[in-house]
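The exercises below should be worked through with the coordinates open, and each is followed by a solution in steps.

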Amino acid sequence: MAKIVDITDKLSFEGNPVLKIRDVELAVNGDAATMLKIMALKNDDLNDEQKTLRMIDLLLSEESQDKLAALKLPFSDYSIVLTEALNLVTGEDEPGEAETRTMT
């Protein structure tokens, strides 16, 4: 019989993270397949605007995209939403305890 290793306890099944803008909540797709598609976009021959739109398509459900569109954000703010969504699913810029530096 083949060896079986149960890694269930090592995995996180928390579900999708959420971005909040005022009273609007946007669920962000944080699954591995989505992130691999986003990483592949970096090598595509698309302009920045096309990449931004494609990433939003991947990261946000249709419902969340509709909510985002209803906010009528300027492109600079739209880009911030994309950056924060990416940070949220990659774990970058997570809030944490500030490092305390001591002088000796």
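A pocket, as the word is used here, is an open set of grid points with protein on both sides within 12 Å along at least five of seven lines. The model to which this is applied is predicted.

**Exercise 1.** Describe the largest pocket by its volume and its lining.

*Solution.* Begin with the volume, which amounts to about 290 Å³ for the largest pocket. Next, list the residues that line this pocket: there are 13, and those that lie nearest its centre are E14, G15, N16, P17 and G30. Finally, sort the lining by class, which gives four nonpolar, six polar and three charged residues.

**Exercise 2.** Determine which residues touch the most other members of the largest nonpolar core, and which helix supplies its largest share.

*Solution.* The largest nonpolar core has 17 residues, and V28, L59 and L68 are those that touch the most other members. Turning to the helices, at least two residues of this core come from each of α1 (32-41), α2 (48-59) and α4 (75-90). Helix α4 provides the largest share, with five residues. To look at one member in detail, take V28: leaving aside residues up to four places away in sequence, V28 touches N16, P17, L19, L59, L60, A85, L88 and V89.

**Exercise 3.** Decide whether S64 is buried or exposed, and locate its contacts.

*Solution.* First place S64 in helix α3, which spans residues 62-70. The relative accessible area of S64 is 3%, and because buried means under 20%, S64 is buried. Beyond residues up to four places away in sequence, S64 touches L26 and A27.

How values were computed
Residues are numbered from 1 along each chain as its sequence is written. This is a predicted model: local features need pLDDT of at least 70, side-chain atom pairs count only at pLDDT 80 or more; totals for chains, interfaces and linings use all residues. Side-chain values use heavy atoms; hydrogens and water are left out. On a 1 Å grid over the protein atoms alone, a cavity is a set of points where a 1.4 Å probe fits but cannot get out, and a pocket is an open set with protein on both sides within 12 Å along at least five of seven lines; lining residues have an atom within 4 Å of a point. Grid points are joined across faces, edges and corners, and a volume is the space filled by probe spheres set on the points. Ala, Val, Leu, Ile, Met, Phe, Trp, Tyr, Cys and Pro count as nonpolar, Asp, Glu, Lys and Arg as charged, and the others, Gly among them, as polar. A nonpolar core is a set of buried Ala, Val, Leu, Ile, Met, Phe, Trp, Tyr and Cys residues joined through side-chain atoms within 4.5 Å. Buried means under 20% relative accessible area, exposed over 50%, partly exposed in between (1.4 Å probe, protein chains only). Helices (H or I, at least four residues) and strands (E, at least two) are DSSP runs, numbered from the N terminus. Contact means heavy atoms within 4.5 Å.
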